[in-house]
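Reader: Before I set up any calculation on this complex, I would like to go through its geometry with you, one question at a time. Could you show me the sequence and the structure?

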Amino acid sequence: MFNQEKIYMPVPQQLARGDRMGRGPYEKSGLIEDTGLPPGKMVKERFDIMYPLDEVEENGKTVNKPSAYDLDVEVKLWYLPYGSANSDPFLWREFAQTVSISKGGK
Amino acid sequence: MNKVTAQGALAAALLLAALVVPSFAEKAGIGWKETIAAKSGKARTLAELAKMYDSSSCVECHQEEHDQSRKSIHSRSIYGTARTAMTIITTIENGLMEEPYSGVKSPKDVKVEHLMGCAKCHLPQLADAEDSVARELVSTLYGWKDALRKKDKAAAKKAEEKLKSVTINCLICHNRNAITHKWQDGYPKAGVVYGSKAGDHPSDKFPKMAESPIMSEAIQCGQCHGLGPNLELDEPTQCCTSYGSYLWVYKAEVGQETCQECHMKNSKLGHNIQGYRDPAMTDKAVDFKVEAFGYHWRDGAQITPKAVVKVEMLNRSGHSIPDG
């Protein structure tokens, strides 16, 4: 229901000019920006994931109720040396937890 | 009469020697004629280049370092994981052959100078070779690729082994690239192994040891693991940028350790110099902390529950991750 990727990398500038990203070493000669993880600096990310809702009838009213109260959350940090998950991907770190919300309450 | 004949033969022999040993252009510094390359003359074949920097005798006494280095990708620096070899081919086709002023219309036109964008780091000793070696290297790369396409495993393996015959081996780090400041420290000499000690070295081929002033310094690795674009080339390239990141971010704001301290000593990998392919490096490189919780978010009367996931990553290495 939710899938978001963030890419951390130096973004090479094609032939050190303009706004085009380079790819092969032969055309990389600068950086457009660098979103890589710098040494010694904390990089923080925050994901806000809304629970899926269903419209249900309750006491004659149409209200929104969560269609699930438990979400399985996975966060994975991949190293993709060739920029693609299809080529020598390396799973560096991962986190998994079920996040639950209360069913009762006002 | 006999004496004149003898002199004539000697002159002919010297002339012959001058013809078969391709020479290097004169350098400004003193002592460059004592280098392996200057003494050998430029290699004309891959086999000659492999022989010029043959370090196979090192294993006789340095078995552990040999075994370690064989596990490192330095020991197959042109072939890599096959991806390096493919990227060199891509560089020829999408780079050199598309560049209008490169002089390369087909792979057969490739010269040493054309390959130095890759070879500066993947095979620095290629600078000590004739253009015939560049052509042989290129034809081997294409032969390997063609064999893969035809599913000819034997031919592919043969070409792969040829590509692996020239590498970043003992002599590249402990001789050829062991001195960066050659006008200050002198040129690396043939017959000398550079490391942490000076003195005699029990080897017929390398009877002397000498101290390399940079062997334990980051610049030793920085020669290849780059500052960014190689602007000294007629057509600059850019691969590694980790030495630049090390200098301007890590050294400037974070720490004082060298490449060797993390990648060789603290990791206990020694000459099996690794990056992300070894847990000894990856386990220490990045702190990864995630916190997740849920609550009922309320916007006026509208209740929309949500999960919040907070991620913190701290790069504990000496350079940006990734680099490039």
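The exchange below goes through helices, strands, the contact between chains and some backbone angles, all in a predicted model.

Reader: Which residues of helix 8 of chain B are buried, and which are exposed on the other side?

Author: Helix 8 of chain B spans residues 153-163, and on its other side Lys153(B), Ala154(B) and Lys157(B) are exposed. The buried residues of this helix are Ala159(B), Lys162(B) and Leu163(B). Seen down the axis of helix 8 of chain B, these buried residues fall within an arc of 100°, so they line one face of the helix.

Reader: Which helices are included in what covers the buried residues of helix 8 of chain B?

Author: A residue counts as covering when its C-beta atom lies within 7 Å of that of a buried residue. By that criterion, the cover over the buried residues of helix 8 of chain B includes helix 3 (46-52), helix 5 (83-95) and helix 7 (131-149) of chain B.

Reader: At what angle do helix 7 and helix 8 of chain B pack, and what sense of packing does that make?

Author: The axes of helix 7 and helix 8 of chain B are 8 Å apart, and the two helices pack at an angle of about 150°. Angles over 145 degrees count as roughly antiparallel, and that makes helix 7 of chain B roughly antiparallel to helix 8 of chain B. The contact is made by residues including Leu141(B), Trp144(B) and Leu148(B) of helix 7 of chain B, together with residues including Ala156(B), Ala159(B) and Leu163(B) of helix 8 of chain B. To end on the values asked for, the angle is about 150° and the sense is roughly antiparallel.

Reader: Which residues of helix 5 of chain B are buried, and within what arc do they fall?

Author: In helix 5 of chain B, the buried residues are Ala85(B), Ile88(B), Thr91(B), Ile92(B) and Gly95(B). They line one face of helix 5 of chain B, because their directions seen down its axis fall within an arc of 135°.

Reader: What is the strand order in the open sheet of three strands in chain B, and which strands stand at its edges?

Author: The open sheet has the order 1-3-2 in chain B, with mixed pairing. Strand 1 of chain B and strand 3 of chain B run parallel and are joined by four bridges, with Tyr194(B) and Ala210(B) as bridge partners, whereas strand 2 and strand 3 of chain B pair in the antiparallel sense over two bridges. Each edge strand has a single partner strand, so one side of each is left without a neighbour in the sheet, and these edge strands are strand 1 (192-195) and strand 2 (199-200) of chain B.

Reader: How many bridges join strand 4 of chain B to strand 5 of chain B, and which residue in their turn has a positive phi?

Author: Strand 4 and strand 5 of chain B run antiparallel and are joined by 14 bridges, and Ala292(B) has Val309(B) as its bridge partner in strand 5 of chain B. The two strands form a hairpin with two residues between them, and the turn residue with a positive phi, of about 65°, is Gly300(B).

Reader: Is Arg298(B) buried or exposed?

Author: Arg298(B) lies in strand 4 of chain B, which covers residues 286-299. A residue counts as exposed if 12 or fewer other C-beta atoms lie within 10 Å of its own. Arg298(B) has 10 such neighbours within 10 Å, so this residue is exposed.

Reader: Which strand of chain A gives the most to the side of chain A that touches chain B?

Author: The contact takes 44 residues from chain A and 49 residues from chain B. With nine residues, the element of chain A that gives the most to this side is strand 3 of chain A.

Reader: Where is the cis peptide bond, and what is its omega?

Author: Most peptide bonds are trans. Pro322(B), in the segment after strand 5 of chain B, follows a bond that is cis: the bond from Ile321(B) to Pro322(B), with omega near -10°.

Reader: What is the phi of Leu15(A)?

Author: Leu15(A) is found in the loop between strand 1 and strand 2 of chain A, and with 17 other C-beta atoms within 10 Å this residue is partly exposed. Its phi is positive although the residue is not a glycine, with a value near 55°.

Notes: Residues numbered from 1 in each chain as written. Chains lettered and ligands numbered in written order. Predicted model: local features only at pLDDT ≥ 70, side-chain atom pairs only at ≥ 80, totals over all residues. Buried ≥ 20, exposed ≤ 12 C-beta atoms within 10 Å, placed from the backbone. Arc of directions from axis to C-beta. Contact = placed C-beta atoms within 7 Å. Pairing = 2+ DSSP bridges. Axes fitted to C-alpha atoms, helices over the stretch in contact; angles between N-to-C directions. Parallel < 35°, antiparallel > 145°, perpendicular 65-115°, else oblique.
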